[in-house]
Amino acid sequence: MTLESPAAEAAPSTRRRASFTPLPVKEVRRLTADSVEVTFEVPEHLVDDFDYAPGQYVALRAQIDGHEVRRSYSICTEPVPGEIRIAVKRDLGGVFSTWANDQLKPGDVVDVMNPSGTFVSKMALTSMNRPEALAEDAVARNAGAQLVAFAAGSGITPIMAIARSVLSASPDTTFELVYANRSAADVMFAEELGDLKDRYPTRFVVHHVLSREQRLNPLLTGRIDAEKLTALLDQVLRTERTDEWFLCGPFELVQLVRDELASRDVPAEDVRFELFTTGRPDRPSGQQGRRVQDDASGPVRRIEFTLDGLTGNVESPAASGETVLNAALRQRSDVPFACAGGVCGTCRAQVVSGDFEMEENYALETDELERGFVLTCQTRPTSDLLVVNYDA
Ligand SMILES: Cc1cc2nc3c(=O)[nH]c(=O)nc-3n(C[C@H](O)[C@H](O)[C@H](O)COP(=O)(O)OP(=O)(O)OC[C@H]3O[C@@H](n4cnc5c(N)ncnc54)[C@H](O)[C@@H]3O)c2cc1C
Ligand code: FES
């Protein structure tokens with residue numbers, strides 16, 4: 001795979017030490033037959049911990065059928081102090097999304113990690129708990145900005161937060177959205193998107209593309225392939241002077257749009273993207289690192305890791321090809337991770353010494369790679385000793 005992480009500058013607030021806090025569910029609202037919006041209550045003494053920039057996500061942890069399950073979900077609202085809202089779309093056969101859609105109810109308590117992620121606008125990167133700062137900052141910096149987004153399915157979630165924040169904060173910003181779904185019944189936030197159109201008739205436009213339903217405009221019917229994308233960009237969207245692009249959806253769609261924008265000489269730093277999955281279900285199961293095949297006669301790699309000021313050591317058979325995360329989890333259950341697929345960035349640590357190879361990276365920025373940060377869920381030691389620091 002060739003998708004690289006965006007070259008955007010990571011603002012300091014987009015990365016912080018990850019830790020889980022139990023938060024009560026305030027409301028579960030059905031959005032479509034297959035998706036719910038879940039609101040968590042953030043007590044006043046924790047508002048700073050749950051401060052966020054529109055576009056960021058939270059990792060959740062729950063016990064489901066006796067197993068610990070961790071997944072990440074983007075925050076879907078503009079800044080609202082005292083609450084965190086996410087939306088979960090059912091993934092057929094998926095453990096967490098099925099549980100959230102069928103069983104989660106107000107009063108339940110779920111472990112929620114501090115908001116994280118770099119899928120944020122360079123125009124409105126400011127805090128949730130100081131909406132007045134968002135307004136001041138955005139009005140000045142966003143004057144006349146033109147933003148375009150491509151979302152598919154649940155990929156609308158962070159885009160909702162960004163669109164709502166930017167439109168409400170800045171009086172002359174425009175936001176144009178292409179939103180792909182199978183049918184009208186699958187459109188998440190249909191009402192809220194309608195409200196945005198009513199509230200900002202000249203500044204917000206949404207083009208619904210439905211793959212299994214006929215729309216009047218043939219360009220808005222069927223899957224978005226290279227041909228349709230070209231037509232959308234040339235005939236439907238007003239992209240002449242787009243300041244920032246946001247892409248969130250399946251890998252293939254995000255890749256397609258990024259390639260097309262690159263071929264049109266759109267600077268990479270103006271294109272933000274977020275992946276929800278790489279389509280490879282290979283997560284560590286629960287808090288324990290998966291057992292690895294032991295070969296007593298073979299060479300071992302030693303991994304030394306520091307977390308919360310404490311240093312631990314763990315040995316890993318070289319032949320097992322075990323990741324740093326998996327090995328570290330065998331030693332300590334509080335090693336941070338969420339997706340285990342190289343997309344969320346929760347498991348990041350800085351390499352202090354030693355050699356390694358990192359498989360996938362859809363989460364770390366270029367400057368973080370240059371400073372030696374790795375995704376430990378994707379990193380394997382290739383020297384006898386690898387030393388990493390989760391506290392960096
Ligand atoms: C940064 C980030 C933000 C995200 N934001 C959102 C959001 O806002 N809204 C949202 O809905 N999702 C979001 N996601 C995706 C979310 O984290 C979950 O991946 C998603 O809900 C599926 O989780 P699950 O437990 O239901 O499915 P899983 O149990 O993880 O399964 C996923 C899929 O794989 C299949 N599968 C599982 N195991 C196997 C196997 N062994 N072999 C073959 N197939 C298998 C399942 O049938 C299912 O279709 C986000 C992800 C990231 C990384
Ligand atoms: S846990 Fe998500 S990138 Fe490693």
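Two strands pair if DSSP finds at least two bridges between them. With that in hand, let us work through some exercises on this predicted model.

**Exercise 1. Find which strands pair with S10, and in which sense.**

Step 1. Start with strand S11 (residues 271-275): S10 and S11 are linked by five bridges and pair in the parallel sense. As an example, Trp245 stands opposite Val271 in S11.

Step 2. Follow the chain between these two strands. It leaves S10, passes through helix H6 (residues 251-263) and arrives at S11, a β-α-β crossover that is right-handed.

Step 3. Now turn to strand S7 (residues 146-152), which also pairs with S10 in the parallel sense, again over five bridges. Here Leu147 has Glu244 as its bridge partner in S10, and Ala151 has Cys248.

Step 4. Check how well S10 (residues 244-249) is covered: five of its six residues are buried, so the strand is mostly covered.

**Exercise 2. Place S10 in its sheet and say which strands stand at the edges.**

Step 1. Write down the order, S9-S8-S7-S10-S11, which describes an open sheet of five strands with parallel pairing.

Step 2. Look at the two ends of that order. Strand S9 (204-210) and S11 each have a single partner strand, so each has one side without a neighbour in the sheet.

Step 3. Add the twist: on average, neighbouring strands of this sheet are turned by 10 degrees against each other, direction ignored.

**Exercise 3. Describe the sheet of six strands in the order S4-S3-S6-S1-S2-S5.**

Step 1. This sheet is open, and its pairing is antiparallel. Its edge strands are S4 (67-74) and S5 (83-89), each pairing on one side only.

Step 2. Neighbouring strands here are turned by 40 degrees against each other on average, direction ignored.

Step 3. Take the pair of S3 (residues 57-64) and S4, which run antiparallel and are joined by eight bridges. Within this pair, Ala62 stands opposite Val69 in S4. The two strands form a hairpin with two residues between them, and Asp65 in the turn has a positive phi of about 50 degrees.

Step 4. Another pair in the sheet is S1 (residues 20-32) with S6 (residues 109-113), antiparallel over five bridges. Pro22 stands opposite Asp111 in S6.

**Exercise 4. Decide whether Glu37 is buried or exposed.**

Step 1. Locate Glu37 in strand S2 (residues 35-41).

Step 2. Count its surroundings: 20 other C-beta atoms lie within 10 Å of Glu37. A residue is buried if this count is 20 or more, so Glu37 is buried.

Step 3. See what Glu37 touches. Leaving out residues up to four places away in sequence, its contacts are Arg29, Leu31, Cys76, Arg85 and Ala87. Ala87 is 50 residues from Glu37 in sequence, yet their C-alpha atoms are 4.1 Å apart in space.

**Exercise 5. Do the same for Arg182: where is it, and what does it touch?**

Step 1. Arg182 lies in the loop between strand S8 (174-181) and helix H4 (190-199).

Step 2. With 14 other C-beta atoms within 10 Å, Arg182 is partly exposed, because that class lies between 12 or fewer for exposed and 20 or more for buried.

Step 3. Not counting residues up to four places away in sequence, Arg182 touches Leu210, Ser211 and Arg212. Arg182 and Arg212 are 30 residues apart in sequence, with 5.1 Å between their C-alpha atoms.

**Exercise 6. Work out how many residues of helix H7 are buried, and what covers them.**

Step 1. In H7 (residues 324-331), seven of the eight residues are buried, and the helix is mostly covered. Among them are Val324, Leu325 and Asn326.

Step 2. The cover over these buried residues includes strands S12 (300-307), S13 (310-317), S17 (379-381) and S18 (385-389).

**Exercise 7. Describe the shell around ligand 1.**

Step 1. There are 27 residues around ligand 1, and Gly93, Gly94, Phe96, Ser97 and Thr157 come nearest. The elements giving two or more residues to this shell are S4, S5 and helix H1 (95-102).

Step 2. Sort the shell by character: 13 residues are nonpolar, ten are polar and four are charged.

**Exercise 8. Step back to the protein as a whole.**

Step 1. The protein has eight helices and 18 strands, and 45% of its 392 residues count as buried.

Step 2. Among contacts between residues at least 6 apart in sequence, 71% join residues at least 24 apart.

Technical notes
Residues are numbered from 1 along each chain as its sequence is written. Chains are lettered from A and ligands numbered from 1 in the order in which they are written. This is a predicted model: local features need pLDDT of at least 70, side-chain atom pairs count only at pLDDT 80 or more; totals for chains, interfaces and linings use all residues. Helices (H or I, at least four residues) and strands (E, at least two) are DSSP runs, numbered from the N terminus. Two residues are in contact if their C-beta atoms, placed from the backbone, lie within 7 Å. Axes are lines fitted to C-alpha atoms, for helices over the stretch in contact, and angles run from 0 to 180 degrees between N-to-C directions. A residue is near a molecule or strand if its C-beta atom, placed from the backbone, lies within 6 Å of it. Ala, Val, Leu, Ile, Met, Phe, Trp, Tyr, Cys and Pro count as nonpolar, Asp, Glu, Lys and Arg as charged, and the others, Gly among them, as polar. A crossover is right-handed if, with the strands pointing away from the viewer, the path from the first strand over the helix to the second runs clockwise.
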